[in-house]
Amino acid sequence: MFKINKSTYLFILIAVLTASFIPCIIISTLIIIHELGHFLAAKLMKVEVDKIYIYPLGGITKFNLELNSPQIVELIILIFGPIFQIIAYLLLSNILIDYKELIKMYHYQILFFNLLPIYPLDGGKLLNIILSLTSPYKRSINISIIISYISLIIIFIYNIKEIKVNIIIMIIFLFYKITREKNNISSLYEKFLLERYLKKYQFKDTKIISNINNFYRNKKHLIKKNDIYYYENDFLSKKYKFF
């Protein structure tokens, strides 16, 4: 279930050698409890958890969540991470009173960082959920990717005068993740459509569209082609007739 990145072990080793073991323990505890929040929420919503990845300054929990799942399900799983981290912060602050200010500093750093509108951080996922409420699914992903790149550029410019190694590593890592997601949009959207065809979801609201790239996450569709309207299931049946 847990997969600890190799760089995390290096981070712990450096912390031990530089007598920074307490900060390392505080950061690791906050990160693990944050990810456990996502994990427990997923279990509550009956969503299978694939793996929990632990990195030196953050974590990523991978879920086997259907792309057409209600946004509220994804939102609940998402917000449970910060909620659990806040609870952990309050508990640790009252248990480790001598390190209260240190715990407070790391807590807010991790919380603020995670809420940045950058994929794959919680803030980036939250942004995509909000966008997908009023925009087609594919467009919401594309906008999220653009905002992620812009946010990363702003972080780089803000830190350019006193750039640190950990900031450089973070920017490179996030740039890699954003670019990987961008390159995966077409296959992800294809999975989204195929999932709708195979699962036959029932949505209350109906949207008339003229382009297959404009499917919404929370609606069923009528597809208009040459003044002829096709039901979503009929349209997808033609697309996936060999399945």
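**Exercise 1. Place Asn 214 in the chain and decide whether it is buried, partly exposed or exposed.**

Solution. Step 1: Asn 214 sits in the loop that runs between strand 4 (206–209) and strand 5. The model used here and in the following exercises is predicted.

Step 2: The relative accessible area of Asn 214 is 23%. Buried means under 20% and exposed means over 50%, so Asn 214 counts as partly exposed.

Step 3: Setting aside neighbours within four places in sequence, the contacts of Asn 214 are Pro 136, Arg 139, Tyr 189, Ile 209 and His 221.

Step 4: For a distant reference point, take Ile 52, which is 162 residues from Asn 214 along the chain. The two C-alpha atoms are separated by 32 Å.

**Exercise 2. Work out the strand order of the open sheet that contains strands 4, 5 and 6, and find which strands stand at its edges.**

Solution. Step 1: The sheet has 3 strands, in the order 4-5-6, and its pairing is mixed.

Step 2: Strand 4 and strand 6 (228–231) each have a single partner strand, so one side of each is left without a neighbour in the sheet; these two are the edges. From one strand to the next, the twist averages 25°.

Step 3: Strand 4 and strand 5 run parallel and are joined by 4 bridges. Within this pairing, Ile 208 has Leu 222 of strand 5 as its bridge partner.

Step 4: Helix 9 packs on the sheet, where it touches strand 5 and strand 6. The direction of helix 9 makes about 85° with that of strand 6.

**Exercise 3. Describe the second largest pocket by volume, lining and residue character.**

Solution. Step 1: The volume of this pocket is about 170 Å³.

Step 2: Its lining is made up of Arg 196, Tyr 201, Gln 202, Phe 203, Thr 206, Lys 220, His 221, Leu 222, Tyr 231, Glu 232 and Asn 233.

Step 3: At least two lining residues come from each of strand 5 (220–225) and helix 9 (232–239). Strand 5 gives the most, with 3 residues.

Step 4: By character, the lining of the second largest pocket holds 4 nonpolar, 4 polar and 3 charged residues.

Step 5: Two lining residues also appear in the earlier exercises. His 221 is in the lining and is a contact of Asn 214. Leu 222 is in the lining and is the bridge partner of Ile 208.

**Exercise 4. Locate Leu 152, decide whether it is buried or exposed, and list what it touches.**

Solution. Step 1: Leu 152 belongs to helix 6 (residues 137–159).

Step 2: Its relative accessible area is 4%. The cut-off for buried is under 20%, so Leu 152 is buried.

Step 3: Apart from residues up to four places away in sequence, Leu 152 touches Ile 118, Ile 171, Leu 174, Phe 175 and Ile 178. The C-alpha atoms of Leu 152 and Ile 171 are 6.8 Å apart, with their positions 19 residues apart in sequence.

**Exercise 5. Find the buried residues of helix 5 and the helices that help to cover them.**

Solution. Step 1: In helix 5 (residues 122–134), the buried residues are Asp 122, Gly 123, Gly 124, Leu 127, Asn 128, Ile 129, Leu 131 and Ser 132.

Step 2: Their cover includes helix 2 (21–44), helix 3 (71–95), helix 4 (100–114) and helix 6.

Step 3: For the wider setting, the protein has 9 helices and 6 strands, and 41% of its 243 residues are buried.

Key: Residues are numbered from 1 along each chain as its sequence is written. This is a predicted model: local features need pLDDT of at least 70, side-chain atom pairs count only at pLDDT 80 or more; totals for chains, interfaces and linings use all residues. Side-chain values use heavy atoms; hydrogens and water are left out. On a 1 Å grid over the protein atoms alone, a cavity is a set of points where a 1.4 Å probe fits but cannot get out, and a pocket is an open set with protein on both sides within 12 Å along at least five of seven lines; lining residues have an atom within 4 Å of a point. Grid points are joined across faces, edges and corners, and a volume is the space filled by probe spheres set on the points. Ala, Val, Leu, Ile, Met, Phe, Trp, Tyr, Cys and Pro count as nonpolar, Asp, Glu, Lys and Arg as charged, and the others, Gly among them, as polar. Buried means under 20% relative accessible area, exposed over 50%, partly exposed in between (1.4 Å probe, protein chains only). Contact means heavy atoms within 4.5 Å. Two strands pair if DSSP finds at least two bridges between them. Axes are lines fitted to C-alpha atoms, for helices over the stretch in contact, and angles run from 0 to 180 degrees between N-to-C directions.
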